[in-house]
Amino acid sequence: MDKQLKELAIDLFEINAVKFGDFVTKVGLKTPVYVDLRMIIAYPKILRKISKILWALAEDDKDVDQICGVPYTALPIASVISVESDIPMLIRRKEAKAYGTKKLIEGSFKQGDTCVIIEDVVTSGSSILETVRDLQNEGLNVTKALVIMDRQQGGRKNIENSGIQMQSLYTLSQLMDYLLEAKKVTAETVQTVTTYLSENVAPVKTLEDESAPKRLKLDFAERSKLAINPLAAKLLNLMSQKETMLCLAADLTSAQDIIDLTEIAGPHIAVLKIHVDIIEDFNQTFIQKLKQLSEKHRFLIMEDRKFGDIGNTVSLQYEKGLYKIAEWADLITAHPVPGAGILDGLKNALKNISGDRGVFLITEMSSQGALTRENYIKESLALSKDSDLITGHVCQSNIFSDPGLIQLTPGVKLAKASDALGQQYNTPEVVVSAGADLAVVGRGITESPDKISSILKYKTQLWAAYKNRISS
Ligand code: S5P
């Protein structure tokens, strides 16, 4: 396969299907590399070769009933695959016909038929997701997308988050490596493309219903009216009034240091997040001081306890022990791994608490290799539908559409980076365009020599990105 892919990469370069320079994509973005596979119909040998190699990716799938190409570039490829494999093909119209049958999907199929999608290039994945939605609406079971080029700009994640497997012949970086090896491009061009890819992430796309109110398009004040959990409503309101999306992770081990930092940060944050079990001199006076500051500056306190046990145990952990978290933490975090029982357990601990409380489910983690994937994410999202205790989800991308829930995204720094222990960072602009309503910043602020100026930088950059998100 590797040898074939190298040869094919050179073919594509020779026929100008991959070009380098200054281009503008169909959505108006600048790019130094343009992949345009439309002209392969002028080269039947290459068309046959590419179709054969692409279909080889699905060789283990014996029970494919239908193949559907995404118009237009992938249609001839899908046709060749259909003819060669003797599997029927479907075509999804871009618009339903205004006359005759008004069918969106052309071809012959029955409910429950499994269908594989064929696409040429994936950037945000939106074309595939639109195709999946229409096929699913017709009762087809879409399992997989076979793609020639993954531009590595977030499309794969968008597609996989919607429960569709994606396999690609090339990532853009692999293609660049093959072309460099064949001396078709210079190391400088490869570098330009690499830098471009690291700085240009496509917006997050989902399979969501187009008619539903769009979480990412509504402002926080509007969304507060749609929230079921009272703390989600309160939080969205105070974010709107204080013009901040900042959740400060005060991961410090001395109570006084946390108080000192909170005194500076209080007016500019929506949430102060702590890990109470790392504080070496924890005592209730510390909690009283924090509470006073939270009232004075109108922010909420989150204990990032990441509860993750059976209902009975979490109930005790939340209410009892040294920390008595339920008494003072407006918000907590919990892993959905034990199932719905964890929410019953947490609720049980609130029997004697008069104030409102909220839970953020840890639906998707920021660390490298996190096991929070596909089905886990889906199940976690489903849990939040049945509970008024859920304020939102801790996650990395726009995986839910309910405007009354809040997306809290950790792993935020002014420059894209990682730490030595698996944490991965994105910039404020990237996380907000990926759906973050609250951005968790820890060491980006706690390790800064000039804390107030870092706090203000994060606050203003996040808010500008949010304004841009709701207006664009
Ligand atoms: O997936 C996650 C979930 C959380 S709550 N990744 C995270 O990093 N967090 C928390 O966010 C983590 O426990 C820490 O308190 C904060 C990130 O801190 P930073 O110093 O890396 O910004």
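**Notes on the predicted model**

1. The structure holds 9 aromatic pairs, and the model in which they are found is a predicted one. A pair of aromatic rings is described by the distance of the centres and the angle of the planes. For Phe220 and Trp463 the ring centres are 6.0 Å apart and the planes meet at 55 degrees, so this pair counts as tilted; the angle falls between the 30 degrees below which planes count as stacked and the 60 degrees above which they count as edge-to-face.

2. Where do Phe220 and Trp463 lie along the chain? Phe220 belongs to helix H8 (residues 220-224) and Trp463 to helix H18 (residues 451-471), so their pairing ties together parts that are 243 residues apart in sequence. Both Phe220 and Trp463 are buried, and ring pairs join these two residues with Tyr466 into a cluster.

3. Two further rings have a charged side chain over the face. Arg305 lies over the face of Phe307, at 4.9 Å from the ring centre, while Lys413 lies over the face of Tyr425, at 4.6 Å from the ring centre. Tyr425 also deserves attention for another reason, since Tyr425 is one of the residues that come nearest to the ligand.

4. Which residues come nearest to the ligand? Of the 15 residues around the ligand, these are Asp251, Lys273, Ser366, Tyr425 and Arg443. By class, the shell is made up of 6 nonpolar, 4 polar and 5 charged residues.

5. Several polar contacts with the ligand can be followed atom by atom. A polar side-chain atom of Ser366 is 2.7 Å from a nitrogen atom of the ligand, and the side chain of His275 places an N or O atom 3.0 Å from an oxygen atom of the ligand. With Gly442 the contact comes from the backbone, where an N or O atom lies 2.9 Å from an oxygen atom of the ligand. On its own the ligand has 490 Å² of accessible area, and the protein covers 92% of that area.

6. Is Thr372 buried or exposed? At 13% relative accessibility Thr372 counts as buried, because the cut-off for buried is under 20%. Thr372 is placed in the loop between strand E13 (358-362) and helix H15 (374-385), and a polar atom of the Thr372 side chain lies 3.0 Å from the backbone nitrogen of Met365.

7. Met166 is part of strand E8 (residues 165-171) and is buried, with a relative accessible area of 4%. Along the chain Met166 and Ile87 are 79 residues apart, and their C-alpha atoms are separated by 20 Å.

8. Some backbone details should be checked by eye. Pro71 and Tyr72 are joined by a cis peptide bond, with omega at about -10 degrees, and Tyr72 lies in the loop between strand E3 (66-69) and helix H3 (74-85).

9. Which value does phi take at Asn16? Phi of Asn16 is near 70 degrees, a positive value in a residue other than glycine; Asn16 lies in the loop between helix H1 (2-14) and strand E1 (18-24) and, at 43% relative accessibility, counts as partly exposed. Arg298 likewise has a positive phi without being glycine, near 55 degrees. Arg298 is found in the loop between helix H11 (284-297) and strand E11 (300-307), and with 41% relative accessibility Arg298 counts as partly exposed.

Terms used
Residues numbered from 1 in each chain as written. Predicted model: local features only at pLDDT ≥ 70, side-chain atom pairs only at ≥ 80, totals over all residues. Heavy atoms only, no water. Near = heavy atom within 4 Å. Polar contact = N/O pair within 3.5 Å; in protein donor to acceptor, adjacent residues only side chain to side chain. Areas by Shrake-Rupley, 256 points an atom, 1.4 Å probe, with all protein chains shown as cover. Nonpolar A, V, L, I, M, F, W, Y, C, P; charged D, E, K, R; others polar. Phe/Tyr/Trp six-rings, centres within 6.5 Å; stacked < 30°, edge-to-face > 60°. Helix = DSSP H or I, 4+ residues; strand = E, 2+ residues; numbered from the N terminus. Buried < 20%, exposed > 50% of the residue type's maximum accessible area, 1.4 Å probe, protein only. Lys NZ or Arg CZ within 6 Å of the ring centre and 35° of its normal.
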